[in-house]
Amino acid sequence: MVTTSASAREERPVSVVAELEGTLLRDTCTLPYFMLVAFEASGLARFAALLALWPALQLLDLLLPGRRLTARCAAFVATAGVPREELEAVARAVLPKFMADDVDPTAWAAFGACKGRRVVVARAMPRVMVEWFAREHLGANHVVGSELEYSRLRRCTGLVRGGGDDDVAERVRALFTDGERPDRGLGRSDVALARSSFLPFCREQLQPPFSVDRDMAMQPKCAPFRPVIFHDGRLVRRPTALMSLAILFWIPLGVLLAFVRITLGLVLPIQALPYIAPFVGGAVITRGHPPPPTTAKDGSPSGVLFVCTHRTLMDPVALAFVLGRRVAAVTYSLSRLSELLSPIPTVRLTRDRETDAARMRAELARGDVAVCPEGTTCREPFLLRFSALFAELSDRIVPVATNYRVGLFHPTTARGWKAMDPIFFFMNPRPVYEVTFLNQLPDEATCAAGQSAVDVANYVQRILAATLGFECTTLTRRDKYRVLAGNDGIVNNAKPAAATKPGWQRRVKEVLGFLLH
């Protein structure tokens with residue numbers, strides 16, 4: 001039923017209160033989000049424990065419906081003992097991608113068209129798990145939900161406070177004072193029937209499935225919600241119960257398969273790898289025409305500068321795999337262990353422009369060099385801003401569009417151990433790399449013809465984005481790490497923490513950090 005006229009809505013912004021689970025998000029099941037928290041914040045043991053308990057929790061929900069005991073028990077198993085900072089990091093870096101994939105377009109059309117106060121109500125998940133997504137991507141002004149409790153050591157106790165229908169309705173009413181009421185409420189039928197819920201407080205009540213009525217059609221069409229460009233975490237698939245079970249069964253086999261694949265890559269010559277890859281389940285798809293090797297002439301650099309999109313740590317390795325010859329990779333935050341195991345030479349940069357330019361010129365004099373001017377990886381179909389340094393170093397510039405496909409595990413991380421990236425890549429059942437060679441830049445498109453380095457970098461970014469069907473952005477490494485890790489992405493810029501652990505534990509942590517980060 002509609003109690004507000006279109007003319008009244010034109011006079012003031014329309015306010016809205018919407019339920020998250022089952023309304024803005026299509027799926028009412030919250031298991032995948034608790035499984036993600038368990039896997040990313042604690043590890044495989046807690047992930048397996050929560051999956052083993054899930055049938056009992058579902059039975060409890062059938063015997064005592066409406067009390068949301070399943071979500072509270074799942075929250076306890078997934079979060080008890082987890083540091084508060086870690087839980088907030090997972091909610092900021094991992095969960096938004098999976099929530100964005102589950103947004104109901106018709107629910108968003110009804111919610112996003114409202115330009116007034118926006119309130120999101122989480123009935124099953126604790127507020128900390130949904131607040132970042134609701135505010136940053138749905139544009140919510142307020143998020144109402146249950147609260148996790150923490151100990152004095154800033155660790156989660158696993159206990160959930162509030163979140164009942166009475167508590168939620170009271171908190172929603174407190175947001176609207178002086179007799180004001182929300183213009184629109186979105187929620188499931190069980191929310192509408194409950195007298196103590198927030199929905200009866202709203203002037204207009206909408207329930208899924210949503211349809212665009214005449215009154216809604218007269219409003220301006222809402223823009224798409226803000227996309228998730230940066231996200232972290234190792235799991236590619238939404239960890240439903242069946243998918244979580246498949247992941248647990250696959251991990252032992254995946255570790256063995258990764259060991260075999262990596263060993264073959266280190267032992268065999270690079271020219272033999274294309275013939276071996278199909279037998280171990282991998283594939284590299286090549287498009288375009290790779291340039292032939294070049295030789296020095298008149299003291300000029302003898303190498304080709306390959307400018308690659310940066311999808312994973314394996315980009316230069318896949319390039320060398322296709323070329324079948326030596327290619328040096330320019331790196332910044334590559335772990336020491338990855339450098340030791342790398343089948344191709346690596347050149348570590350310092351973030352000092354003059355020093356880095358000298359190192360890259362010296363390497364170009366020895367042969368081909370692969371550079372990823374984005375400076376960091378991006379999983380989504382976006383290209384970050386290109387650093388212009390490469391355009392000043394050589395006129396033999398060959399853009400290379402790289403991309404990959406995996407089924408279970410992401411081979412990149414911002415918060416975890418970067419040395420595990422190639423291992424997770426090769427743990428996938430069938431990892432596929434795509435390498436597309438574009439034509440070498442003509443002389444008139446390089447700095448030799450008077451073009452500025454920034455213009456050359458922007459031009460290369462545009463043609464690579466067009467080749468992959470990606471979108472160009474001005475985002476940088478700093479933007480990514482501020483979202484995912486809460487820092488600027490600069491290596492070793494923090495002062496050492498105060499000594500709070502025994503000496504041998506600090507030494508072990510320092511060694512692991514040196515090798516794996």
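In the tallies by class used in these legends, Ala, Val, Leu, Ile, Met, Phe, Trp, Tyr, Cys and Pro count as nonpolar, Asp, Glu, Lys and Arg as charged, and the others, Gly among them, as polar. The views below all come from a predicted model.

**View 1. The whole protein chain, as a place to get your bearings.** Welcome to the overview. The protein chain has 20 helices and 16 strands. It holds 517 residues, and 50% of them count as buried. Take the contacts between residues at least 6 apart in sequence: 75% of these join residues at least 24 apart.

**View 2. The second largest cavity, with about 50 Å³ of space.** This cavity has 10 lining residues, and those closest to its centre are Arg123, Asp165, Val168, Ser197 and Phe198. Helix H9, which covers residues 165-175, gives the most to the lining, with three residues. Sorted by class, the lining comes to four nonpolar, three polar and three charged residues.

**View 3. The largest cavity, with about 70 Å³ of space.** Here you can follow the lining along several stretches of the sequence. Ile229, Phe230, His231 and Asp232 take part, as do Thr377, Cys378 and Arg379. Thr412, Thr413 and Ala414 also line this cavity, together with Lys480 and Leu484. By class, the lining has five nonpolar, four polar and three charged residues. In the structure as a whole, there are three cavities of 30 Å³ or more.

**View 4. His137, in the loop between helix H8 and strand S3.** Helix H8 spans residues 127-136 and strand S3 spans 142-145, with His137 in the loop that links them. Is His137 buried or exposed? With a relative accessible area of 8%, His137 is buried, because buried means under 20%. Its side chain reaches the backbone oxygen of Arg226 at 3.0 Å. Leaving aside neighbours within four places in sequence, His137 is in contact with Phe225, Arg226, Pro227 and Val228, and also with Pro96 and Trp132.

**View 5. Gly145, a residue of strand S3.** Stay with strand S3 and look at Gly145. This glycine is buried, with a relative accessible area of 0%. Which residues does Gly145 contact, leaving aside its neighbours within four places in sequence? They are Ala122, Arg127 and Arg171. For a sense of distance, find Val130: Gly145 and Val130 are 15 residues apart in sequence, and their C-alpha atoms are 9.0 Å apart in space.

**View 6. Helix H14, residues 315-323.** Eight of the nine residues of this helix are buried, so H14 is largely enclosed by the rest of the structure. The buried residues are Asp315, Pro316, Val317, Ala318, Leu319, Ala320, Phe321 and Leu323. Just after the helix comes Gly324, whose phi is positive, near 70 degrees.

**View 7. Two cysteines, Cys29 and Cys114.** A disulfide is a covalent bond between the sulfur atoms of two cysteines. How many disulfides does a search of the whole structure find? The search finds zero. The two cysteines shown here differ in how they are placed: Cys29 is partly exposed, at 29% relative accessibility, whereas Cys114 is buried, with a relative accessible area of 0%.

Note on methods
Residues numbered from 1 in each chain as written. Predicted model: local features only at pLDDT ≥ 70, side-chain atom pairs only at ≥ 80, totals over all residues. Heavy atoms only, no water. Helix = DSSP H or I, 4+ residues; strand = E, 2+ residues; numbered from the N terminus. Buried < 20%, exposed > 50% of the residue type's maximum accessible area, 1.4 Å probe, protein only. Polar contact = N/O pair within 3.5 Å; in protein donor to acceptor, adjacent residues only side chain to side chain. Contact = heavy atoms within 4.5 Å. 1 Å grid on protein atoms, 1.4 Å probe; cavity = no way out; pocket = protein on both sides within 12 Å on 5 of 7 lines; lining within 4 Å. Points joined across faces, edges and corners; volume = space filled by probe spheres on them. Disulfide = S-S within 2.5 Å.
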